[in-house]
Amino acid sequence: MSRHDFQIPVSFKHRVCFTRDAFAPGNRLVAELLEEGGGRKVLVLVEDAVAAAWPELKRRVGEYFADLGFNWRGLRVLPGGEEVKVDDVLVREVWQTIDHERIDRHSYVLAIGGGAFLDAVGYAVATAHRGVRLVRFPTTTLAQDDSGVGVKCAINAFGKKNWVGSFAVPFAVVNDFQFLESQDEDVRRIGLIEAVKVSLVKDAEFFQWIRRHIEALAALERAPFEECVERSALAHARHIAEGGDPFETGSSRPLDFGHWAAHKLEQLSDFTLGHACAVSIGVALDTLYSARCGLLRECDAERVMDVLDTLRVPIWHDALDLRDAKGRRRVHEGLEEFREHLGGELTVLLLRDLGRGQDVHALDEGLVDACIDDLKRRAAALGAEYSPPRVS
Ligand SMILES: NC(=O)c1ccc[n+]([C@@H]2O[C@H](COP(=O)([O-])OP(=O)(O)OC[C@H]3O[C@@H](n4cnc5c(N)ncnc54)[C@H](O)[C@@H]3O)[C@@H](O)[C@H]2O)c1
Ligand SMILES: [Zn+2]
């Protein structure tokens, strides 16, 4: 017998940038990023909704790279939204385009779109040639304040969210605030839920800042809005870089506060409930639960609920009331699926304070039900004024 253990040290540079109008002729940010990597070939993939909202984009991107002397392989418009994660049709199309344009591991693929588009394109790019350089341009609030700075990508399989995918640190992430302006106002506002989430689990001072600016944030005032997106993105990136488990090999996933229910609700709604809306409901549920199980002070839970209320994010969806043949709420299944996805022991992060989480390894189903009933009452009390936003 013989056994040899080798350590393979690998480190990644995670470039996270913020700008406005990245393809303006005088904006050197993207050029400098690509020059740093040394490659010359550039292929740009744009989500159709973004291409439609910014009709000048194709011409401007082409001119930008032609002026800088890059080997510009064109701009393709491709479908986006959660539907593209349901199967591998988009993934295959991206593989084909990469092959057709002779994109190699030193070339760049720039992907411009929402979180779902970036997830599916990112998976295709991470697996083509075992990984081509990807520059992400997230175009939704949620994608800029959370998913775009992440180091993973996935599509759904077997009806489960993000079942097939990979960890792959993008070459760079460019958050261009201008793209956010063409979003539907509800999508734009509700995407801030991931900022609320990260502040609750990581940064008490950030949560207090959100509370102080909540009216302005709800009104989409540009300066506080962009500051909130940037602080959130950096909090996520910092956790990934410095949290000790960038590729989630452990059983705990601290940035996924509220997500065990959220992922299940997306699935139970046949993905008609968007991720941001589902997370809003999940954050509300786990906040109430944190208080009911005695971890979080009631008054602090109410402070969180006030923030959600002013931000006008949903706290209810009828999928919460779907039951199996035995009358058990189906959302409870989300807990076991969450454990399966991570592997190991069930670990759910709850709140012990505003800005501080605590891992627990079991939830009391009766208490979860009581919290769901509470959410239903609260949503009903908001009455006629409350209409759940229609978000894809
Ligand atoms: N990889 C990760 O680390 C990670 C983390 C969190 C969430 N996610 C994933 O991100 C996805 C959600 O992302 P999302 O909230 O951006 O939703 P999304 O990608 O579905 O976009 C929402 C809608 O906005 C449209 N859109 C996008 N940008 C636009 C723009 N600038 N102007 C006009 N319309 C625009 C899209 O076409 C879509 O209809 C989910 O699939 C979720 O699982 C991934
Ligand atoms: Zn999320």
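## Two domains, a parallel sheet and a ligand shell

Let's start with a loop residue: glutamate 248 counts as partly exposed because 18 other C-beta atoms lie within 10 Å. On that scale, a residue is buried with 20 or more other C-beta atoms within 10 Å of its own, exposed with 12 or fewer, and partly exposed in between, the C-beta atoms being placed from the backbone. This is a predicted model, where local features need pLDDT of at least 70 and side-chain atom pairs count only at pLDDT 80 or more, while totals for chains, interfaces and linings use all residues. Residues are numbered from 1 along each chain as its sequence is written, with chains lettered from A and ligands numbered from 1 in the order in which they are written.

Back to glutamate 248, which sits in the loop between α12 (222–242) and α13 (259–268). Helices (H or I, at least four residues) and strands (E, at least two) are DSSP runs, numbered from the N terminus. Most residues other than glycine have a negative phi. Glutamate 248 has a positive one, and aspartate 21 does too, without being a glycine. Here are the two side by side:

| Residue | Phi | Loop |
|---|---|---|
| Aspartate 21 | about 60° | between β1 and α1 (29–37) |
| Glutamate 248 | near 50° | between α12 (222–242) and α13 (259–268) |

Aspartate 21 is classed as partly exposed because it has 13 C-beta neighbours inside 10 Å.

Now for the overall layout. The chain is assigned a domain 1 (16–180) and a domain 2 (185–385), with bounds that come from an automatic or database domain assignment. Their C-alpha centres are 28 Å apart. Where they meet, 21 residues of domain 1 are in contact with 24 residues of domain 2; contact means that C-beta atoms, placed from the backbone, lie within 7 Å. On the domain 1 side, β1 (16–19), α6 (141–145), β7 (160–167) and α7 (177–180) each supply at least two residues. The most comes from α6, with four residues. That side has nine nonpolar, seven polar and five charged residues. Here Ala, Val, Leu, Ile, Met, Phe, Trp, Tyr, Cys and Pro are nonpolar, Asp, Glu, Lys and Arg are charged, and the others, Gly among them, are polar.

What about ligand 1? It is surrounded by 34 residues, the closest being Ala49, Gly114, Gly115, Ser147 and Gly150; to be near, a residue needs its C-beta atom, placed from the backbone, within 6 Å. Domain 1 and domain 2 each give at least three residues to this shell. The largest share, four residues, belongs to α5. By class, the shell holds eleven nonpolar, 16 polar and seven charged residues.

Finally, the sheet. Six strands, ordered β1-β8-β5-β4-β2-β3, make an open sheet with parallel pairing; strands pair if DSSP finds at least two bridges between them. β1 and β3 (71–78) are at the edges with a single partner strand each, so one side of each has no neighbour in the sheet. On average, neighbouring strands are turned by 20° against each other, direction ignored. Between β2 (residues 41–47) and β3 there are six bridges in the parallel sense, and leucine 45 faces arginine 76 in β3. Helix α1 packs on this sheet, touching β1, β2, β4 (108–113), β5 (133–138) and β8 (172–176), and its direction makes about 180° with that of β8. Helix α4 (residues 89–100) lies across β2, β3 and β4, at about 160° to β3. For these angles, axes are lines fitted to C-alpha atoms, for helices over the stretch in contact, and values run from 0 to 180 degrees between N-to-C directions.

Notes:
Contact = placed C-beta atoms within 7 Å.
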